[in-house]
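Good morning, and thank you for making time for this presentation. Please look at the sequence and the structure on the screen before I begin.

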Amino acid sequence: MSLGTPKIVPLRDLAARVTDGSSLALGGSFLHRGPFALVRELIRQGRRDLEVIKQSPGYDIDILCRAGALGRARAGIVAMEGNFGLAPWYRRAVETGQIRLEEHACASLTAGLRASAFGVPFMPCGGIHGSDLPALNGWKTVEDPYGSGETVYVIPRITPDFAIIHANEVSEEGDVRVYGTSHWDRIMSRSAKRVLVVAERVASGASFRDQPELTLVPHFLVEAVSIVPAGAWPGSCWPHYAVDYPAVGAYMDDAPGVLQAHLDTAPEAREAAHV
Amino acid sequence: MSEWSAFSYVVTNLARFVRPNEITFSGVNSALPMLACLLAKRAYPFAFTYINVAGGVDPSPSQVPISSSDPVLAEGSRSIFANEDFYDLCTRGQMDLCFLGAAQVDGLGRTNVSCIGDWHAPKVRLPGGGGGAVMLPTARRAVTWRTEHSRRTLVETLDFITASGGMHGVVTPIAVFTKRDGRLVLASWHPGASLDEVRDRTGFRFEADGAEPTPPPTPAEAEALTALDPDAGFERDAAIRLR
């Protein structure tokens with residue numbers, strides 16, 4: 001990854017880097033700024049046995065379950081949100097044993113990612129006392145070795161194979177800019193082995209030099225980037241577009257052909273058809 | 001007749017937990033607490049800091065979004081206080097009031113948001129851990145809400161303890177509970193219901209000393225809610241019934 005090398009590749013090539021069985025930290029939260037175009041492309045390419053690692057997945061984890069592409073999940077809270085309630089295909093996948101879930105609090109998942117980012121085997125996490133989650137997950141406590149008498153849960157390191165982020169803008173070299181909240185994208189980008197990015201558009205390298213404080217991920221951490229306008233559809237990408245609620249509603253319909261129609265009407269599919 | 005609708009009862013009584021000069025937080029999947037925080041900003045003559053899961057700090061959103069994590073909740077914010085920030089704020093003991101969801105609540109104010117039935121073979125897989133396991137024990141006060149008041153939501157025994165530490169408050173369409181000596185006690189009930197009805201529809205035992213019918217909405221509270229939901233779209237979507 002030498003400095004200044006262009007990193008922009010077509011979406012299908014970006015998705016091809018993700019092999020069956022990979023663990024994916026997916027950026028965004030619920031219906032907001034998720035890397036949904038790449039998630040759909042993984043489905044089109046027939047990927048299997050993937051793992052989602054995300055504090056608040058929704059549409060992304062649901063469509064991966066619906067397509068039979070998911071084997072495991074480490075997640076905090078899972079829902080479609082808005083007025084759509086539970087994520088139905090995810091719910092069914094857990095209830096029928098189609099996927100294996102490791103249930104987290106959002107902050108315990110973050111602690112595991114922090115351990116990876118900080119280069120240590122585990123990370124303390126506040127709270128958790130009195131919950132049934134530690135017994136379920138085998139989480140252990142340590143007593144403060146410096147004698148405060150406090151006992152704290154420690155979460156084992158979580159190192160995703162990939163962090164996959166949907167960004168507002170990137171430079172040709174792969175610097176990443178996000179507007180609005182960064183959700184958990186920053187810690188994901190520091191904890192994963194490899195970072196892939198889908199962005200709405202390219203911005204000039206000069207603009208990144210003008211305001212480096214807006215850069216969430218510097219290019220040297222990023223392996224490759226694809227440009228997919230409206231790639232976070234049917235979710236939002238602030239300030240470019242809001243959630244497409246009718247499209248989410250159409251996706252929720254449990255009828256034959258709905259998933260394929262949904263994949264076919266996605267922005268990246270329509271774009272590809274024009275090429 | 002009561003001046004409350006089941007919807008206004010839940011939203012307004014959540015707002016009444018907001019106190020001056022405190023930091024109050026609303027999260028994902030939390031349209032009713034989001035409305036409560038926005039209502040408190042409009043209706044109450046005191047300052048408090050409202051932070052939310054979209055990174056907003058005292059935002060001035062151009063519209064009230066359907067999704068309580070929508071980025072418009074950061075419009076007008078002077079900073080982005082993102083997810084890691086507000087979790088860390090909470091675990092270090094500086095979150096005054098935190099609204100957290102629950103599927104089941106027990107008499108100690110513990111919550112289940114994980115599953116109905118056995119965790120390993122669930123009858124219903126629920127959203128899961130989320131903020132609760134970390135925020136409920138570490139926030140100074142946490143408050144939850146249920147849009148259904150029944151023995152299957154307010155239970156003697158949780159199917160799974162997702163979060164412990166004890167809710168400071170619980171609001172349902174017919175009742176407001178607060179914590180006293182580590183247990184939830186009835187603070188007030190919807191004037192269209194009764195103490196007997198609350199007892200009959202609650203799965204856990206509770207004290208009710210000093211409880212009384214909930215005071216009606218003030219004009220400021222009613223006006224604020226009307227301003228936030230002028231077409232009653234949120235009220236329709238929430239579909240909360242008294243019984």
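I shall speak about chain B, then about the contact between the chains, and finally about chain A.

Please bear in mind throughout that this is a predicted model.

Let me begin with chain B as a whole. Its secondary structure consists of seven helices and 12 strands. The radius of gyration of chain B is 17 Å, close to the 18 Å expected from the globule rule for 243 residues, so chain B is as compact as a globular protein of that length. Along the principal axes, its C-alpha atoms fill a box of roughly 45 × 45 × 30 Å. Of the 243 residues in chain B, 58% count as buried. If we take the contacts in chain B with a separation of 6 or more, 65% of them involve residues 24 or more positions apart.

I turn now to the sheet in chain B. In what order do the strands of the open sheet of eight strands in chain B lie? The order is β2-β1-β3-β8-β9-β10-β11-β12, and the pairing is mixed. At the edges stand β2 (49-52) and β12 (212-213) of chain B; each has a single partner strand, so one side of each is left without a neighbour in the sheet. Within this sheet, β10 (residues 175-180) and β11 (residues 183-189) of chain B run antiparallel and are joined by six bridges. As a point of reference, Phe177(B) has Leu186(B) in β11(B) as its bridge partner. A helix also packs here: α2 (residues 31-43) of chain B lies across β1 (23-26), β2, β3 (97-99) and β8 (141-145) of chain B, and runs at about 145 degrees to β1(B).

Next, the contact between the chains. How many residues does each chain bring to the contact? Chain A gives 43 residues and chain B gives 38 residues. On the side of chain A that touches chain B, α4 (88-95), α5 and α6 (133-137) of chain A each supply at least two residues. The largest share on that side, four residues, comes from α5(A). By character, the residues on the side of chain A that touches chain B are 19 nonpolar, 19 polar and five charged.

The helix α5(A) leads us to a sheet in chain A. Helix α5 (residues 106-118) of chain A lies across β5 and β7 of chain A, at about 145 degrees to β5(A). These strands belong to an open sheet of three strands in chain A, ordered β5-β7-β6, with antiparallel pairing. Its edge strands are β5 (122-125) and β6 (140-143) of chain A, each of which pairs on one side only. From one strand to the next, the twist averages 45 degrees. Four bridges connect β6(A) with β7 (residues 151-156) of chain A in the antiparallel sense, and Val142(A) stands opposite Val152(A) in β7(A).

I close with strand β8 (residues 162-170) of chain A. Is β8(A) mostly covered or uncovered? It is mostly covered, with nine of its nine residues buried. β8(A) pairs in the parallel sense with β1 (residues 23-26) of chain A over three bridges, where Leu24(A) stands opposite Phe162(A). It also pairs in the parallel sense with β10 (residues 194-202) of chain A, over eight bridges; there, Ala163(A) stands opposite Val195(A). With β9 (residues 176-177) of chain A, β8(A) pairs in the antiparallel sense over two bridges. In the hairpin of β8(A) and β9(A), five residues lie between the strands, and Gly174(A) takes a positive phi near 105 degrees.

Technical notes
Residues are numbered from 1 along each chain as its sequence is written. Chains are lettered from A and ligands numbered from 1 in the order in which they are written. This is a predicted model: local features need pLDDT of at least 70, side-chain atom pairs count only at pLDDT 80 or more; totals for chains, interfaces and linings use all residues. Two strands pair if DSSP finds at least two bridges between them. Two residues are in contact if their C-beta atoms, placed from the backbone, lie within 7 Å. Axes are lines fitted to C-alpha atoms, for helices over the stretch in contact, and angles run from 0 to 180 degrees between N-to-C directions. The radius of gyration is taken over C-alpha atoms; the globule rule is 2.2 Å times the number of residues to the power 0.38. A residue is buried if 20 or more other C-beta atoms lie within 10 Å of its own, exposed if 12 or fewer, and partly exposed in between; C-beta atoms are placed from the backbone. Ala, Val, Leu, Ile, Met, Phe, Trp, Tyr, Cys and Pro count as nonpolar, Asp, Glu, Lys and Arg as charged, and the others, Gly among them, as polar.
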